[in-house]
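Here are a few friendly notes to read alongside the model. Have the sheet in view as you go through the points.

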Amino acid sequence: MIEYQDSSIHVKDSILWLDATKKKGLSFVSHAHSEQMSVDHDKIIATKETIEFYKKIILKGKPLNALQMSYFRTFSIGDLTLTLYPSGHTPGAAQLLIKKNETKILYSSHINIQNNMLCDEIYFPKADELIMDSVYGNIKYQFPEKEKEEENFKNYVSEQIKQGFFVVILANPYGKSQYIIKLLEKLNISIYLQNKIYQYTQLFKIFGINFTNIKPFVNTIKEPSVIIHPYENVNKILTEKKNIKVISLSGLSVDKDYFHKLHKLDESFVLSDNSDFNGLLQYIKIIKPNKIYLLPGHNSLSFKEILKDLKYNVEEFVTSKPKSLF
Ligand SMILES: [Zn+2]
């Protein structure tokens with residue numbers, strides 16, 4: 001029922017693509033992270049939240065052609081019956097269940113089976129076949145208890161502010177930044193947001209999510225405070241200010257040496273909007289697919305071997321390379 005072309009998934013004999021990375025006539029857009037949201041398609045299928053970000057990030061004023069769908073509502077395109085379900089990953093993030101004849105195929109995109117206060121809780125639709133991204137599909141990615149790690153993070157930030165440091169938190173502008181703001185909201189400290197993060201956070205008001213204690217970042221701030229900034233172009237702040245601690249929250253923090261070197265961090269916390277290794281296995285156990293397709297990625301090879309050992313019928317999509325003439 002599916003094929004892998006142009007580094008994206010295509011539903012055979014239909015116009016539908018899933019998170020296509022090149023311009024297509026119709027693509028499902030699972031959520032508003034950059035890999036999923038990179039092209040201006042003729043038409044998209046997405047949730048209300050994802051569409052708002054698609055307008056801001058991709059269209060920039062160009063007219064929108066979108067099929068806005070709510071979770072759990074079934075609709076048809078040709079002979080395909082489609083339903084979106086929450087994936088627990090970021091606000092508005094969706095899995096897509098496609099039914100053709102009697103076969104159900106589920107595209108998970110990124111999932112988080114642990115509850116995040118900003119997202120709808122994940123739903124586990126039964127499916128015959130599952131297409132998934134093995135983000136943390138390596139046994140080394142086993143995350144500590146979430147609540148404990150959140151406490152460690154909050155305590156660290158409070159302590160650094162008390163000692164007179166600026167705490168620069170590197171984060172994805174969509175999803176992770178707002179999760180961080182929610183975690184720190186009750187500490188009663190000033191949170192300054194880099195311009196893009198501030199704009200994205202303002203968009204959350206449309207979805208009824210409000211934040212307190214946030215301000216746009218300006219160079220002139222003097223009092224010890226939190227600054228949330230994307231991973232890119234952070235050097236300017238670091239050279240302009242003294243007394244800075246640079247930290248981050250990510251599943252990659254399991255591998256602290258590597259992660260700290262990569263982004264020149266002082267500290268990091270294992271808090272992710274993706275499920276860890278055990279979470280991915282638990283998800284598969286509940287979905288009970290007869291066949292699993294893995295999207296190519298850093299951990300897809302190791303995850304494929306583990307799933308094979310567990311007797312799953314698993315296949316990894318391979319990016320087709322043009323054949324050499326010689
Ligand atoms: Zn994502």
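1. Let's begin with one neighbouring pair: strands β16 and β17 run parallel and are joined by three bridges. As a marker for this pairing, look for Ile247, whose bridge partner in β17 is Glu267. Please keep in mind that this is a predicted model.

2. The connection between these two strands is worth a look. Together with helix α6, which spans residues 256-263, β16 and β17 form a β-α-β unit, and its hand is right.

3. On to the pairing of β16 with β12. Strand β12 covers residues 166-170 and β16 covers residues 244-249; the two run parallel, with five bridges between them. A handy place to check this is Val167, which has Lys245 as its bridge partner in β16.

4. Another pair to inspect is β13 (residues 191-193) with β15 (residues 226-229). Three bridges link them, again in the parallel sense. Here Ile191 finds its bridge partner in β15 at Val226.

5. Now for the whole arrangement. The strands belong to an open sheet of six, ordered β14-β13-β15-β12-β16-β17, and the pairing is parallel. At the edges lie β14 (214-216) and β17 (267-269), each of which pairs on one side only. On average, neighbouring strands in this sheet are turned by 30° against each other, with direction ignored.

6. A general reminder for viewing: strands of a sheet pair through backbone hydrogen bonds, in either a parallel or an antiparallel way. In this sheet, the pairing is parallel.

How values were computed
Residues are numbered from 1 along each chain as its sequence is written. This is a predicted model: local features need pLDDT of at least 70, side-chain atom pairs count only at pLDDT 80 or more; totals for chains, interfaces and linings use all residues. Two strands pair if DSSP finds at least two bridges between them. Helices (H or I, at least four residues) and strands (E, at least two) are DSSP runs, numbered from the N terminus. Axes are lines fitted to C-alpha atoms, for helices over the stretch in contact, and angles run from 0 to 180 degrees between N-to-C directions. A crossover is right-handed if, with the strands pointing away from the viewer, the path from the first strand over the helix to the second runs clockwise.
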